Amino acid sequence: MSPVLTVAADLVRRGHEVVVYTGSRFEERALAIGARFQALPPEADLDDRTLDSLFPVRATLPPGPAQLSFDFENFFLGHLPAQVRDLRALLAKFPADVVLGELGFWSIPVLSLSMAPEERPTLVTLGSVPLLIQSEDTPAFGAGILPTPGEEARARNRAMNAEVRQVFAELQGFGEATLESLGVTMPDYLFDAPFRRTDHYLQLTVPSFEYPRSDLPEHLQFVGTLPPASGGDHVEPAWWPELSAGRPVVVVTQGTVANTDLNELVIPTVRALADLDVLVVAATVREDGPDLVRQALAEVPNNVRLASFVPFDRLLPHADALVTNGGYGGVQTALYHGVPLVVASASEDKPEVAARVEWSGTGVNLRTGTPEVTELRAAVQTVLHDPGYHSRAGIMAKEISQYNPFETIAEIVDLSARPRGRQKGRSYGPSQWFRYDSSPLVSPPPDR
């Protein structure tokens with residue numbers, strides 16, 4: 001949601017009319033940026049924070065193909081008919097010039113496959129995870145294997161890709177049947193479809209953070225990292241001046257999603273760095289996070305500062321290293337500020353994020369989601385004392401600074417505006433822009 005709302009807010013500032021179509025729990029955030037809002041239909045309007053309680057079997061599935069297949073059958077594809085139905089109804093009332101969504105918004109491939117370009121809005125997809133489209137130049141997505149050059153490696157990659165397609169053959173059949181029920185034939189491998197069936201695929205990073213590929217679709221482009229959200233009127237804690245006191249600053253976080261169990265990374269990092277001459281900021285990203293850390297430790301080390309929510313646009317400029325579980329957005333924000341990383345990841349797309357950190361030389365990949373205290377200590381010391389990591393992170397930050405994703409997206413929106421039945425010769429204001437993130441009109445925006 002964060003990347004799409006960030007883009008939506010910029011388009012609102014530019015004077016475009018924006019409707020946010022997603023889960024109802026995000027209504028307040030959508031209205032706060034000046035957009036209108038429409039919730040997904042009830043059968044598709046799930047709270048992602050409660051999936052394991054709504055579907056107990058999901059919690060028993062290991063990360064990987066089993067859990068991913070469950071999620072696609074029950075959420076991404078399972079709710080697609082209702083999502084598409086209400087999207088089409090919305091577009092009938094709000095004839096948008098652009099539909100912009102993230103990778104998991106499968107209505108975009110359906111619109112692309114079911115309508116001629118001149119009969120539908122321009123379709124824009126934001127890439128907020130590493131590129132997972134299959135390529136003979138890269139190993140199959142998921143295992144975090146680094147690419148190597150040469151024909152032997154390409155042959156291995158082709159074999160791995162074929163094996164992965166076989167693993168997901170049943171899910172492929174489910175996806176094809178789901179689209180067939182919508183009157184659409186899917187010609188692609190399931191996980192390639194969101195990349196191929198859109199007008200513009202915009203990857204939210206820079207080329208140096210991705211593996212080189214010779215076979216990317218022409219409509220896929222790197223647009224740079226979105227600027228970090230502003231901390232606004234966040235009140236700085238009493239310890240804030242210590243960030244500039246001279247000691248190296250190490251920030252640790254498990255991000256906004258995978259922070260249910262702080263014993264996975266935050267608490268071990270606090271223990272690992274307790275007696276080093278560094279200032280540790282544990283950004284738990286949950287209201288009860290500081291209390292949970294205190295309960296887990298007999299005593300909070302003197303060099304540790306606990307926080308619930310801390311705006312990274314204000315914290316990371318002070319940081320010398322970020323310890324993270326590899327969320328794509330958090331890693332991009334660190335590199336935006338030239339901060340090297342220590343990454344410990346095991347689920348979702350995170351091992352692939354960690355692999356790219358390793359490949360780009362911008363940090364250490366621990367290759368596990370539950371690292372030992374000794375591993376964390378050694379990795380942080382390596383990143384702090386080896387100038388190469390700071391240098392490569394700085395080079396990445398310089399490359400990021402040369403891109404302006406807002407301008408790229410705004411240009412696409414401006415070029416997509418078309419009269420479609422309006423009176424010839426009449427002048428028109430900014431285009432109507434409909435953005436989907438996951439899901440039915442429409443709450444009015446607050447006065448502005």
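The following legends describe the whole chain and several close-up views of a predicted model.

**Figure 1. Overall view of the predicted chain.** The chain contains 18 helices and 13 strands. Its C-alpha trace extends over about 70 × 55 × 45 Å along the principal axes. A compact globule of 448 residues would have a radius of gyration near 22 Å, and the chain, at 22 Å, agrees with this value. Of the 448 residues, 53% are buried. The accessible surface amounts to about 19500 Å², and carbon and sulfur atoms account for 52% of this surface.

**Figure 2. The six-stranded open sheet.** The strands are arranged in the order 9-8-7-10-11-12, with parallel pairing. Strand 9 (304-307) and strand 12 (363-365) occupy the edges; each has a single partner strand, so one side of each lacks a neighbour in the sheet. From one strand to the next, the twist averages 15 degrees.

**Figure 3. Pairing of strands 7 and 8 within the open sheet.** Strand 7 (residues 249-253) pairs with strand 8 (residues 279-283) in the parallel sense, and four bridges connect the two. Val250 is placed opposite Val280 of strand 8.

**Figure 4. Helix 15 against the sheet.** Helix 15 (residues 350-360) lies across two strands, namely strand 11 (341-343) and strand 12. The helix runs at about 130 degrees to strand 12. Strand 12 is one of the two edge strands of the sheet.

**Figure 5. The buried face of helix 12.** Helix 12 (residues 289-296) has Gly289, Pro290 and Val293 as its buried residues. Viewed down the helix axis, these buried residues fall within an arc of 100 degrees and therefore line one face of helix 12. Among the elements that cover them are helix 11 (266-272) and strand 9. Strand 9 also stands at an edge of the open sheet.

**Figure 6. Parallel pairing of strands 4, 5 and 6.** Strand 4 (residues 122-127) and strand 5 (residues 200-203) run parallel and are joined by four bridges. Thr125 stands opposite Tyr201 of strand 5. Strand 5 also runs parallel to strand 6 (residues 220-222), to which three bridges join it. Here, Leu202 has Gln221 of strand 6 as its bridge partner.

Note on methods. Residues numbered from 1 in each chain as written. Predicted model: local features only at pLDDT ≥ 70, side-chain atom pairs only at ≥ 80, totals over all residues. Heavy atoms only, no water. Pairing = 2+ DSSP bridges. Axes fitted to C-alpha atoms, helices over the stretch in contact; angles between N-to-C directions. Contact = heavy atoms within 4.5 Å. Buried < 20%, exposed > 50% of the residue type's maximum accessible area, 1.4 Å probe, protein only. Arc of directions from axis to C-beta. Rg over C-alpha atoms; globule rule 2.2 N^0.38 Å. Areas by Shrake-Rupley, 256 points an atom, 1.4 Å probe, with all protein chains shown as cover.
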